[in-house]
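Me: Could you take a close look at the surroundings of the ligand in this model and describe them in one connected account?

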Amino acid sequence: MTVALEQGVVAVVTGGARGIGLAVAQRLLGNGVKVACLDRPDADYSAVQSAASSYGVECAILRADVRDQTAVRQVVLTATEIGPVRYAVNCAGIDGLAPSDQVTGAEWKRVVDVDLDGVFFACQAEHEAMRGAGGSIVNIASMSGHIVNRGVDPHVAYGAAKAGVIHLSKGLGVEWAREGVRVNSVSPGYVHTELTAHNAPEVNATFARQTPMGRMAQVDEIADPVLFLLGTGAAFITATDLRVDGGFTAW
Ligand SMILES: NC(=O)c1ccc[n+]([C@@H]2O[C@H](COP(=O)([O-])OP(=O)(O)OC[C@H]3O[C@@H](n4cnc5c(N)ncnc54)[C@H](O)[C@@H]3O)[C@@H](O)[C@H]2O)c1
């Protein structure tokens, strides 16, 4: 795919050590964009590091927990050491399955802290790192921010946080529009990643059956639309959500 991205600039990718974030980071590196990969302090960064060295493009490792506003700001501002920050993709996220009458305050907070607060803290820091020069941010929400998933254990905190990410992206997109920072979200359907790999095979088979296209997505099928939204092909797109769900939310 040809994407119109600026070369030699930096993209901050949270949750970039694996899954959708890693696929996004690999695609960016392959297009000559430097990557500042922010993930858990104990994450395994070897896949993004090896992609960077095989493409010969610089990569910075930013170790932080997205729930920690101060730490996120500190590490994201260091990304400018390898170049100007122009792009950001916020993928760090977790799930949390439990019937609502059993969800403790701590469990609710665990999910919302990562999936909503963490995205906000990252956007705040990335906007600051862009230093008034403009840029483009894509937040990974979920179709679960639009619909309630059928046939899986309830995960109301996750859905509420993802609905929050969709609205957060709209709000920031409007707030920062006049200064040239676009903010959009992508809402994936079911995707093959470590997050879904632990599901029983019949659960993933149900996901595939429920999807009009009859299958789950591969990570690159999420990464490519993300790169489109980041690039100049989407220059007039801000404050919107793009569903990449194989038609799931249409029926
Ligand atoms: N896989 C799917 O079917 C699916 C569907 C819709 C949306 N999503 C969303 O896509 C995003 C990526 O999911 P994935 O499937 O690639 O998951 P994944 O578990 O493979 O990757 C998530 C990454 O986020 C990082 N992370 C988690 N908590 C963190 C924290 N507190 N601080 C820093 N980093 C943290 C993890 O270390 C990991 O590298 C998530 O936001 C998820 O909700 C996934």
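**The shell around the ligand**

Reply: Three helices, H1 (19–30), H5 (156–175) and H6 (194–197), each supply at least two residues of the shell around the ligand, and H6 gives the most, with three residues. This is a predicted model, and the distances and areas that follow are computed from it. In total, 27 residues surround the ligand, the closest being Arg 18, Ile 20, Asp 39, Tyr 158 and Thr 193. By residue class, the shell around the ligand divides into 14 nonpolar, seven polar and six charged residues.

Turning to individual polar contacts, a polar atom in the side chain of Tyr 158, which is one of the closest residues, lies 2.7 Å from an oxygen atom of the ligand. A polar backbone atom of Val 191 is 2.9 Å from an oxygen atom of the ligand, while for Glu 194 it is a side-chain N or O atom that is found 3.5 Å from an oxygen atom of the ligand. Taken on its own, the ligand has 830 Å² of accessible area, of which the protein covers 96%. As for its location, the ligand sits in the largest pocket.

For a residue described apart from these contacts, consider Thr 232, which lies in the loop between helix H8 (220–230) and strand E7 (241–244). Thr 232 has a relative accessible area of 54% and is therefore exposed, the cut-off for that class being over 50%. Its C-alpha atom is separated by 37 Å from that of Asn 199, a residue 33 positions away from Thr 232 along the chain.

Key: Residues are numbered from 1 along each chain as its sequence is written. This is a predicted model: local features need pLDDT of at least 70, side-chain atom pairs count only at pLDDT 80 or more; totals for chains, interfaces and linings use all residues. Side-chain values use heavy atoms; hydrogens and water are left out. A residue is near a molecule or strand if one of its heavy atoms lies within 4 Å of it. A polar contact is a pair of N or O atoms within 3.5 Å; within protein, one must be able to donate a hydrogen and the other to accept it, and residues adjacent in sequence count only if both atoms are side-chain atoms. Accessible areas come from the Shrake-Rupley method with a 1.4 Å probe; for residues, only the protein chains shown count as cover. On a 1 Å grid over the protein atoms alone, a cavity is a set of points where a 1.4 Å probe fits but cannot get out, and a pocket is an open set with protein on both sides within 12 Å along at least five of seven lines; lining residues have an atom within 4 Å of a point. A molecule sits in a cavity or pocket if more than half of its atoms lie within 2 Å of its grid points. Helices (H or I, at least four residues) and strands (E, at least two) are DSSP runs, numbered from the N terminus. Ala, Val, Leu, Ile, Met, Phe, Trp, Tyr, Cys and Pro count as nonpolar, Asp, Glu, Lys and Arg as charged, and the others, Gly among them, as polar. Buried means under 20% relative accessible area, exposed over 50%, partly exposed in between (1.4 Å probe, protein chains only).
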